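Hi,

Here is the structure I said I would pass on. Have a look at it first, then read my notes below.

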Amino acid sequence: MFSFFKKGLNKTTEAMKVVVPKKRSYILKDELEDVLLEADVEYELIEIILRELYEEKVTKAQLESKLLATMAWANYEKPEHTSPFVDLIVGVNGAGKTTTIAKLAQQFKDQGEKVMLGAADTFRAAAIEQLTRWAEKIDVPIVSSRQGHDPSAVCYDAIESAKAKGYDHVILDTAGRLHTQTNLSNELKKIVRISDKAHNGAPHRKILILDGTQGNSAIAQAKAFNEMIDIDGIIITKLDGTAKGGSIFSIAHALRIPILYVGVGEQPEDLVVFDKYAFIDNFLDPLFEVNKESDKLNSVSGSLIEITNLTSEQRQKLNTLLQEDGYDVLSKHFVRDQKTWNEYKILPNEDAYAVEVLERDGTIVKSYKADQLL
Ligand SMILES: Nc1nc2c(ncn2[C@@H]2O[C@H](COP(=O)(O)OP(=O)(O)O)[C@@H](O)[C@H]2O)c(=O)[nH]1
Ligand SMILES: [Mg+2]
């Protein structure tokens with residue numbers, strides 16, 4: 001996962017290195033301003049970050065905590081629902097909706113879910129064909145109609161069909177542009193209304209796709225969509241093709257909507273669950289030397305304890321066990337339940353000779369004995 005973000009942030013970190021070419025233990029505030037501007041963090045947010053840093057020399061841990069604070073809303077909780085879970089995908093033309101739907105379908109399928117697609121971008125014939133090709137490629141069924149047909153009818157049919165056939169997940173594509181903005185707004189609202197008629201609570205998640213190469217200009221676009229239909233989460237695409245990776249901080253901060261995934265390429269596997277800890281770590285890695293004291297996550301939040309007593313083999317074994325038990329490993333310290341999306345901490349319990357998966361309040365949900373990690 002770390003390397004995926006690294007791949008996605010390559011161009012961004014190259015731009016940042018123009019200001020700070022070699023890793024150091026700290027950077028000066030003046031340099032930091034330039035570094036963040038190079039990465040396309042919005043100036044308003046840079047000012048807030050600088051105002052909250054009191055010393056001229058800024059360490060990785062200090063900066064990490066400020067950047068984490070910009071993403072305080074980046075947590076998403078899946079709502080209660082009965083199957084199928086319905087995702088509605090919206091965004092302007094070319095943002096990456098159709099490609100991202102294919103990537104999501106592939107991931108859900110890999111997790112053992114039965115996935116169905118709905119081709120509700122009926123505005124352009126090419127859009128229906130494109131999604132149909134993807135459906136064939138990744139081998140999932142698709143419900144579609146002819147160009148110009150009512151998109152909410154397609155959504156209704158897709159959800160009905162998924163219900164009748166016992167599918168777990170429906171992903172609905174939509175048009176990014178109609179003749180007018182009002183048309184688009186009315187159409188999306190109607191899709192939401194009709195989906196709920198087909199299946200109570202649907203769509204359970206309204207996902208906005210933003211083109212990462214647009215940087216901060218995506219914010220205004222996101223606000224417009226959020227006003228039409230409340231957006232539950234964002235996916236930022238094409239991170240691999242841009243030096244504007246820092247705009248993710250501005251987007252998260254300005255919209256207060258969780259970022260769910262980022263796209264880092266054109267293949268079905270090029271979609272990464274967004275993990276703010278790993279993202280920030282990769283964002284700052286080219287600037288700072290590894291410094292044992294300042295690098296530890298526990299110096300950021302205070303409540304996280306570094307797992308120091310696991311060898312890399314034990315760590316690998318632990319990750320395998322966690323994945324087998326249905327968790328996505330987000331970072332050294334966090335996992336996410338693949339079904340509920342609840343996040344848990346992982347901590348060693350030296351008294352019990354075990355590593356434990358814990359709720360935020362400390363309740364143990366899973367425990368791995370030391371001898372399982374051999
Ligand atoms: N490099 C890169 N290209 C992407 C990514 N996501 C989508 N694209 C490309 O962006 C273009 C538009 O994507 P498409 O899914 O058709 O957008 P839509 O109009 O919103 O449905 C296509 O050429 C995709 O291959 C990504 O994460 N990285
Ligand atoms: Mg499309």
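In E15, the residue opposite Val355 is Tyr368. That pair belongs to the match between strand E14 (residues 354–358) and E15, which is antiparallel and runs over 5 bridges. Before going on: this is a predicted model, so please read everything here in that light.

E14 and E15 are part of an open sheet of 5 strands, ordered E11-E12-E13-E14-E15, with antiparallel pairing. Strand E11 (327–329) and strand E15 (364–369) are at the edges with a single partner strand each, so one side of each has no neighbour in the sheet. On average, neighbouring strands of this sheet are turned by 30° against each other, if direction is ignored.

What lies across this sheet? H14 does: it crosses E11, strand E12 (334–337), E14 and E15, and runs at about 145° to E11. Helix H14 covers residues 312–324, and Leu318 is one of its residues. Is Leu318 buried or exposed? With 21 other C-beta atoms within 10 Å, Leu318 counts as buried, because the cut-off for that is 20 or more. Leaving out residues up to four places away in sequence, Leu318 touches Leu310, Val355, Tyr368 and Leu373. So the two residues that stand opposite each other in E14 and E15, Val355 and Tyr368, are both on the contact list of Leu318. Leu318 and Ala370 are also worth a click: 52 residues separate them in sequence, while their C-alpha atoms are 9.7 Å apart.

Now the other sheet. It is open too, with 8 strands in the order E5-E4-E6-E3-E7-E8-E9-E10 and mixed pairing. Its edge strands, strand E5 (142–143) and strand E10 (271–273), each pair on one side only.

Start with E3, where 6 of the 6 residues are buried, so the strand is largely enclosed by the rest of the structure. Both of its faces are covered: Phe85, Asp87 and Ile89 are buried on one side, and Val86, Leu88 and Val90 on the other. E3 pairs with E6 in the parallel sense over 4 bridges, and there Leu88 stands opposite Leu172 in E6. E3 and E7 are also parallel, joined by 4 bridges, with Ile89 opposite Ile207 in E7.

Further along, strand E8 (residues 233–237) and strand E9 (residues 259–263) form a parallel pair over 3 bridges. Ile235 has Tyr261 in E9 as its bridge partner. Helix H8 (residues 181–198) packs on the sheet as well, where it touches E3, E4 and E6, and its direction makes about 175° with that of E3. Helix H5 (residues 97–110) lies across strand E3 (85–90), strand E4 (115–120), strand E6 (169–174), strand E7 (205–211), E8, E9 and E10, at about 175° to E6.

Helix H6 (residues 125–138) is a good one to turn around on screen. Its 14 residues reach 21 Å from the first C-alpha to the last, close to the 20 Å expected at 1.5 Å a residue. Which of its residues are buried? They are Ala127, Ile128, Leu131, Trp134 and Ala135. These cover an arc of only 125° around the axis, which puts them on the same side of H6. On the other side, Ala125, Ala126, Glu136 and Lys137 are exposed. The buried residues of H6 pack against H5, E4, E5 and E6. Just after the helix, Asp139 has a positive phi of about 60°.

Last, the cores. The largest nonpolar core has 88 residues, and Leu117 and Ile234 touch the most other members. Helix H7 (residues 151–164) gives the most to this core, with 6 residues. Not counting neighbours within four places in sequence, Leu117 is in contact with Ile101, Ala105, Leu131, Ala135, Val140, Ile142 and Ile171. Two of these, Leu131 and Ala135, are among the buried residues of H6. Apart from the largest core lies another, of 9 residues, including Phe334, Val335, Tyr344 and Val355. That brings us back to Val355, opposite Tyr368 in E15.

Cheers

Key: Residues are numbered from 1 along each chain as its sequence is written. Chains are lettered from A and ligands numbered from 1 in the order in which they are written. This is a predicted model: local features need pLDDT of at least 70, side-chain atom pairs count only at pLDDT 80 or more; totals for chains, interfaces and linings use all residues. Two strands pair if DSSP finds at least two bridges between them. Two residues are in contact if their C-beta atoms, placed from the backbone, lie within 7 Å. Axes are lines fitted to C-alpha atoms, for helices over the stretch in contact, and angles run from 0 to 180 degrees between N-to-C directions. The expected span of a helix is 1.5 Å times one less than its number of residues. A residue is buried if 20 or more other C-beta atoms lie within 10 Å of its own, exposed if 12 or fewer, and partly exposed in between; C-beta atoms are placed from the backbone. The arc is that of the directions from the helix axis to the C-beta atoms. A nonpolar core is a set of buried Ala, Val, Leu, Ile, Met, Phe, Trp, Tyr and Cys residues joined through C-beta atoms within 7 Å.
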